[in-house]
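The exercises below concern pockets and a bound ligand. Each has a task and a solution in steps.

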Amino acid sequence: MSERKKVRIHHLAEMKQRGEKIAMLTAYDMPTARHFDAAGADILLVGDSLGDNILGHGNTGALTLDEMIPFVRAVTRGTEKAFVVADLPFGTYEVSPEQAVESSIRMMKLGQPNAIKFEGGRRVARQVKAVTDAGIPFMGHLGFTPQSENALGGRRIQGRGDGAYEEMLADALALQEAGAFAIVLEMVIEPIATKLTKALQVPTIGIGAGPHTDGQVLVWLDMAGMGDWSPSFSKKFGEVGAAMRDAATDYVAEVKANTFPAAEHTFTK
Ligand code: KIV
């Protein structure tokens, strides 16, 4: 059996060429990153969904770059083989190419991911070009873009209506042209995600975009059954939340009953 190598951008491009699906998951801390890396995930994304899912902000918009960096560093410390991508939070790249490069360099230096991701198509193409010109690998994000939830009129499925494909293709080509090595397609109807995947040279990673994208990504809490709610496009592959609650319930009961610690957990000399 060949030993698994550190995943690099060219491996992701080769996977698209040979039709091997790319498996990506979010991760926000060191132990979770270690488990997902050992499970063979190709990409770990420290998404700005951190703000909502871990820090309890209630949305992605409130998260700051400085708040995010220690989580990215924890994930990179826990990862050996997977390719680590870090999101730039809302407000840290939209103003200008200079702002995007400064934020990306800060994230790369302090968080040490392998690449940066931020949201948008043609409207951020100059930022993407500046970031890739600075030698920083970049992943795009189109379709439903949570940082623009207010402008998009809520969590709405994307790609519907006349001209939607042409608009999304123009955005995707602008990102590809500016140097993006892959593009996330979130909540995009399957026929449009499939057409985009065929039209692009770079891999597409779908989340709620059907089975024909080059890869898939899920928020790990949805994937592992950690949260109370998960979107309809997600699937629960485990019951981690229930397992944690059961373990904590047993611990509390044993402490109350004074059956823990037992002799084998006790130093006598
Ligand atoms: O922040 C995030 O977790 C994401 C994924 C949903 C793709 O951007």
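The largest share of the lining of the second largest pocket comes from α8, which gives four residues. The structure is a predicted model.

**Exercise 1.** Describe the second largest pocket: its volume, the residues closest to its centre, and the elements and residue classes of its lining.

*Solution.*
Step 1. Take the volume: the second largest pocket holds about 280 Å³ of space.
Step 2. Go to the lining, which has 17 residues; L142, G143, T145, L152 and D171 are the closest to the centre of this pocket.
Step 3. Assign elements. At least two lining residues come from each of β5 (138–143), α7 (149–152) and α8 (164–178). The contribution of α8, four residues, is the largest share.
Step 4. Sort by class: five lining residues of the second largest pocket are nonpolar, eight are polar and four are charged.

**Exercise 2.** Describe the largest pocket in the same terms, and state what takes up its space.

*Solution.*
Step 1. The volume of the largest pocket is about 600 Å³.
Step 2. Its lining consists of 31 residues, with S49, D52, N53, R155 and V219 nearest the centre.
Step 3. Two or more residues of this lining come from each of β1 (22–26), α3 (50–53), β6 (182–186) and α10 (220–224).
Step 4. By class, the lining of the largest pocket has twelve nonpolar, nine polar and ten charged residues.
Step 5. Place the ligand: the space it takes is the largest pocket.

**Exercise 3.** Which residues surround the ligand, and how do the residues of this shell divide by class?

*Solution.*
Step 1. List the residues with a heavy atom within 4 Å of the ligand. They are T26, L45, G47, D48, S49, D87, K117, H141, V184, E186 and I207.
Step 2. Sort the shell by class: three residues are nonpolar, four are polar and four are charged.

**Exercise 4.** Find side-chain polar contacts of the ligand, then state how much of its surface the protein buries.

*Solution.*
Step 1. Apply the cut-off: a polar contact needs a pair of N or O atoms within 3.5 Å.
Step 2. Check S49: an N or O atom of its side chain is 2.5 Å from an oxygen atom of the ligand.
Step 3. Check K117: a side-chain N or O atom lies 2.9 Å from a ligand oxygen atom.
Step 4. Check D87: the distance from a polar side-chain atom to an oxygen atom of the ligand is 3.2 Å.
Step 5. Turn to the surface. The ligand taken alone exposes 260 Å², and the protein buries 95% of that.

Notes. Residues numbered from 1 in each chain as written. Predicted model: local features only at pLDDT ≥ 70, side-chain atom pairs only at ≥ 80, totals over all residues. Heavy atoms only, no water. Near = heavy atom within 4 Å. Polar contact = N/O pair within 3.5 Å; in protein donor to acceptor, adjacent residues only side chain to side chain. Areas by Shrake-Rupley, 256 points an atom, 1.4 Å probe, with all protein chains shown as cover. 1 Å grid on protein atoms, 1.4 Å probe; cavity = no way out; pocket = protein on both sides within 12 Å on 5 of 7 lines; lining within 4 Å. Sits in = over half its atoms within 2 Å of the grid points. Nonpolar A, V, L, I, M, F, W, Y, C, P; charged D, E, K, R; others polar. Points joined across faces, edges and corners; volume = space filled by probe spheres on them.
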